Amino acid sequence: SFDDAVAAAHGLKRGEQQIINLSGTEPVLRQKIVDFMSGVNFAHEGTWEEVGENVYLIVPSNAYVEIAPPTPRVNALRN
């Protein structure tokens with residue numbers, strides 16, 4: 001729900017990493033949450049990574065995230 005997104009935004013503001021899974025969310029609400037969290041993330045100069053289909057890792061600027069290069073299987077799934 002959008003209330004959960006607001007709670008995640010507050011956690012990000014406190015410097016806590018957030019994983020949001022929007023795979024079960026209706027497309028319109030999913031886009032609204034992605035737009036909202038993108039704005040919060042931008043304002044806090046954080047990092048945003050899609051770790052799965054409609055699953056995102058949002059990390060505050062005080063943390064470092066290193067993403068391994070995708071495997072050939074992951075690349076095939078994305079294409």
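These legends describe close-up views of a predicted model of one protein chain.

**View 1. The whole chain: 3 helices and 3 strands.** The secondary structure comes to 3 helices and 3 strands. From the N terminus on, the elements run α-β-α-β-β-α. The chain has 79 residues, and 29% of them count as buried. About 5,600 Å² is exposed, with carbon and sulfur atoms supplying 52% of that area. Among contacts with a separation of 6 or more, 53% come from residues 24 or more positions apart.

**View 2. The open sheet, in the order β1-β3-β2.** The sheet has 3 strands, and the pairing is antiparallel. β1 (18-21) and β2 (47-52) stand at the edges. Each has a single partner strand, so one side of each is left without a neighbour in the sheet. From one strand to the next, the twist averages 20°. Strands of a sheet pair through backbone hydrogen bonds, either parallel or antiparallel.

**View 3. The pairing of β2 with β3.** These two strands run antiparallel, and 5 bridges join them. β3 covers residues 55-59. Which residue of β3 stands opposite glutamate 50? That residue is tyrosine 56.

**View 4. Two helices packed on the sheet.** Helix α1 (residues 2-13) packs on the sheet and touches β1 and β3. The direction of α1 makes about 160° with that of β1. Helix α2 (residues 27-43) also packs on the sheet, touching β1, β2 and β3. Its direction makes about 145° with that of β2.

**View 5. The largest nonpolar core.** This core holds 12 residues in all. Alanines 5, 8 and 9 belong to it, together with Leu12, Ile20 and Leu22. Ile33, Val34, Met37, Val40, Tyr56 and Ile58 complete the set. Which elements give two or more residues to this core? They are α1, α2 and β3.

**View 6. The surroundings of leucine 22.** Leucine 22 is one of the residues of the largest nonpolar core. Neighbours within four places in sequence are left aside here. Beyond them, leucine 22 is in contact with Arg30, Ile33, Val34, Asn54 and Tyr56. Of these partners, Ile33, Val34 and Tyr56 are also listed in the core.

**View 7. Two residues with positive phi.** Glutamate 45 lies in the loop between α2 and β2. Its phi is near 55°, a positive value in a residue other than glycine. Asparagine 54 lies in the loop between β2 and β3. Asparagine 54 is not a glycine either, yet its phi is positive, about 65°. Are these residues buried or exposed? Glutamate 45 has a relative accessible area of 64%, so it counts as exposed, the cut-off being over 50%. Asparagine 54 is at 16% relative accessibility, so it counts as buried, the cut-off being under 20%. Asparagine 54 is also among the contacts of leucine 22.

**View 8. A salt bridge between glutamate 16 and arginine 14.** The count for the chain comes to 1 salt bridge. The two side chains meet at 3.2 Å, N to O. Arginine 14 counts as exposed because its relative accessibility is 57%. Glutamate 16 is at 36% relative accessibility, so it counts as partly exposed.

Note on methods:
Residues are numbered from 1 along each chain as its sequence is written. This is a predicted model: local features need pLDDT of at least 70, side-chain atom pairs count only at pLDDT 80 or more; totals for chains, interfaces and linings use all residues. Side-chain values use heavy atoms; hydrogens and water are left out. A salt bridge is a side-chain nitrogen of Lys or Arg within 4 Å of a carboxyl oxygen of Asp or Glu. Buried means under 20% relative accessible area, exposed over 50%, partly exposed in between (1.4 Å probe, protein chains only). Two strands pair if DSSP finds at least two bridges between them. Helices (H or I, at least four residues) and strands (E, at least two) are DSSP runs, numbered from the N terminus. Axes are lines fitted to C-alpha atoms, for helices over the stretch in contact, and angles run from 0 to 180 degrees between N-to-C directions. Contact means heavy atoms within 4.5 Å. A nonpolar core is a set of buried Ala, Val, Leu, Ile, Met, Phe, Trp, Tyr and Cys residues joined through side-chain atoms within 4.5 Å. Accessible areas come from the Shrake-Rupley method with a 1.4 Å probe; for residues, only the protein chains shown count as cover.
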